[in-house]
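User: I am new to reading protein models and would like a close look at a single part of this one, with its aromatic rings and what lies around them. Please take me through it slowly.

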Amino acid sequence: MHVTFEATADPAGVRIADRIERRRTLIRTPDPVEIEPLSTDGFGYPVDAAAAVETDELRFDRLDDAYVRNSAGDVVTGFGSPDVVDLDPGSYTVEISGPVKLYCRTEGAIRVKAGADSFAVRFPADRRVALGARSYHNHPAGTITTPTDPEPLMEAVGATSSALKTTSCERAYPTLRGHPPLLERGDELSIPDGLSAPDTGVTMVLPADRRYVYTAAPLAFYLGADLVPGDEARIETPSVVHSLGTDRAFEDEVAKTLKRTLFLDAIVRTEGIYQVAQYERRQVESALPFDVESVYGTPLHEQLAAYLEVPYDRIADLIPTWVLTAHLPSTPESVEALPFVLNDLGVIREPRGPEYDDPERVIEDFSPLDDRSVLDRSAADAAAVRSTDSRSADADRTLVEPVPSDESIDHAWFGPHVPVGASKASVEAFRNRLARDERSDAIGITVVCNDERMLEEHEGIEDVYGRREDLPFDVTSRFGLSCEAFADLLERDDADFLHYIGHATSDGLRCPDGELDVRSLESVGVDAFFLNACDSYDQAVALTGRGALGGVGTLGDVVNEYAVDAGKLIGKLLNLGFPLRAAMTLVREYTVIGDQYLVVGDGSVDVAQPEGGPPTVYHVEGRDDGRYDVRATAYPTRIFRIGTYFDVTSDKTDEKFLLPGTTGRMTMTREELAEYLLWFSGPVRTDGVLRWMDPLDSPV
């Protein structure tokens, strides 16, 4: 069983661990408790493991998204800004969306109390509480075999929506979508029993061209649409025919329709099981041509018809920044990538972009950080840094610059070339995640420094990893590893993350006695990695090809002092729970040589769970009146995916916001700001400068 309950004595409570995802939650109790195993059958909610304890209080040191439901499943209260709510005797379930999905079920009167960064559930006396936990780790329910001719491919793609757990607007919640079934190529179409698409009354008519099918796949998945061949691309419902255009306009219209539908589903669902005060609804409701309450509960095709009446430009500024754009070639091989893109609701576009052929590119965009950051450089210094090797010695490697777009956090390139400023995705890396086995609770981090001239980076990051009291880390440093010792380290399965400091070529990672070519290894046990070395791209690709989930490599020569900066920054971000794709967004923005780095494999890979809610960057801007405007930008993770809510604990707002995204403006005095960020240990952007907040450290 990969989800486990363990009684703890110091502190007293219950630790719930997900040994596949390496996620853990601690429930504190006033006194030590005993664990009574329970059957998951009849728990009332889908759970992987269940247990019971007796106590008069459950305390949580994280302010995760939580609600109290009554016996009918209705939400009776949530945990917002600091408050105390007393509930009369009854049957209640506290639902908590933290590192592990948790349900706490009990009978009788309860008191719920929310603090600034924690909450508690209290009872008049000791009481039996049933605990149920569910992992966010989800697997495809099966594999669909399909020819890659357009017509059978349409039927196969239509069947991916069998993963939807509901066709109501609540499917905007990521936990109600499920992982689509895998797709693999074959001579005949074979869809296993139970993987048929739901009947939603929506049909997508597409030209019989593989490119149209690939592009339409995410929208078809989310709508539960039937796909049929036709001359002109369009959506048909019993009441609406909506044109999708042709060529590149088709890509844009499909993307807009997907974004519009999920966004408006997220507005309408606030009339359902989670009736929350939502920022985006307040901003847009008066401009909608339909009544939100009336649309809730209508069939999907009727909701879609209402949504298509909303001009995209009217809501564009409020739609969350999309998580993923997949640049996917319309080749037969690409069909196997589709389920992994659909799992992120990624937008799919044809790979486009000119070859990159300027070996003397000057990196101009640069934002220095202050003295509490990992950087302290001038813009003049930055302008003098040049990439001395924009092409590999490997003549087969061609760099391309994807067509510029800010629609997504991550642009994943599945084409044959190597992207600059984007990620190089691979189906192998996604499959590696599905094959992942249970791990120990401790997060194993190995830092390898194979060049004594680069000890500065090691000294700067050795205290970064593991600076989390709420998580168990096992950090090991190794120096001057031989090829044999390095190979042994990579092949073992106890290193969750590798941070390599040294040199590399397309032929291998440099060791004192030669170069270790990862391609010579049968498999690797490392999950994620950061190869902070010149021209480490080929070795990064080899790691994902041998079993790693994802990591970061470089495209050419990197100047040592700036590589040190990038290494420190990514170390801090990963330690705080930022996934690779979000961390690299910030590395590109705030380091001189950020464009020389790229994510290889699965960009959603992370090293540690966030401390509470999604990983966040605060933006602080001074005002003429001496006060400050504050916003928070929350980034997606594998748990906090697109469609999730997030909030901030502040008396300046009681609203929830769509993830990924940025809160509305909160205006604070200097004293209020200092108190608000008192315990925040993450990055804060102030007047264009990124600084790091430590406990008790004033932000201004």
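Analyst: A good place to begin is a cluster in which ring pairs link Tyr67, Tyr173, Tyr274 and Tyr645; please keep in mind throughout that the model is a predicted one. One member of this cluster, Tyr645, also has a charged neighbour, since the charged end of Arg269 sits over the ring of Tyr645, 4.5 Å from its centre. A further arrangement of this kind is found where Arg171 lies over the face of Tyr222, with 4.2 Å to the ring centre.

To describe a pair of aromatic rings, one gives the distance of the centres and the angle of the planes. The count of aromatic pairs in this model comes to 14, and one of them is formed by Phe578 and Tyr635, a tilted pair with 5.7 Å from centre to centre and 55° between the planes. This pair links distant parts of the chain, for Phe578 belongs to the loop between α14 and α15, while Tyr635 belongs to the loop between β35 and β36, and the two are 57 residues apart. Both Phe578 and Tyr635 are buried.

Another tilted pair consists of Phe646 and Phe657, whose centres are 5.7 Å apart and whose planes make an angle of 35°. Phe646 lies in strand β36 and Phe657 in strand β37, so this pair ties together parts that are eleven residues apart in sequence. Phe646 and Phe657 are both buried as well.

Burial can also be followed along a whole helix, and α6, which covers residues 300-307, is a clear case to study: seven of its eight residues are buried, so the helix is largely enclosed by the rest of the structure. The buried residues of α6 are Leu300, His301, Gln303, Leu304, Ala305, Ala306 and Tyr307. If you wish to see what covers them, look for elements that include α2, β17, α3 and α5.

Of these covering elements, α3 (247-268) deserves a look in its own right, as this helix is itself mostly covered, with 17 of its 22 residues buried. Its length can be checked by simple reasoning: at 1.5 Å a residue, the 22 residues of α3 should span 32 Å, and the C-alpha atoms at its ends are 32 Å apart, which agrees.

Definitions and conventions
Residues numbered from 1 in each chain as written. Predicted model: local features only at pLDDT ≥ 70, side-chain atom pairs only at ≥ 80, totals over all residues. Heavy atoms only, no water. Buried < 20%, exposed > 50% of the residue type's maximum accessible area, 1.4 Å probe, protein only. Helix = DSSP H or I, 4+ residues; strand = E, 2+ residues; numbered from the N terminus. Contact = heavy atoms within 4.5 Å. Phe/Tyr/Trp six-rings, centres within 6.5 Å; stacked < 30°, edge-to-face > 60°. Lys NZ or Arg CZ within 6 Å of the ring centre and 35° of its normal. Expected span 1.5 Å × (residues − 1).
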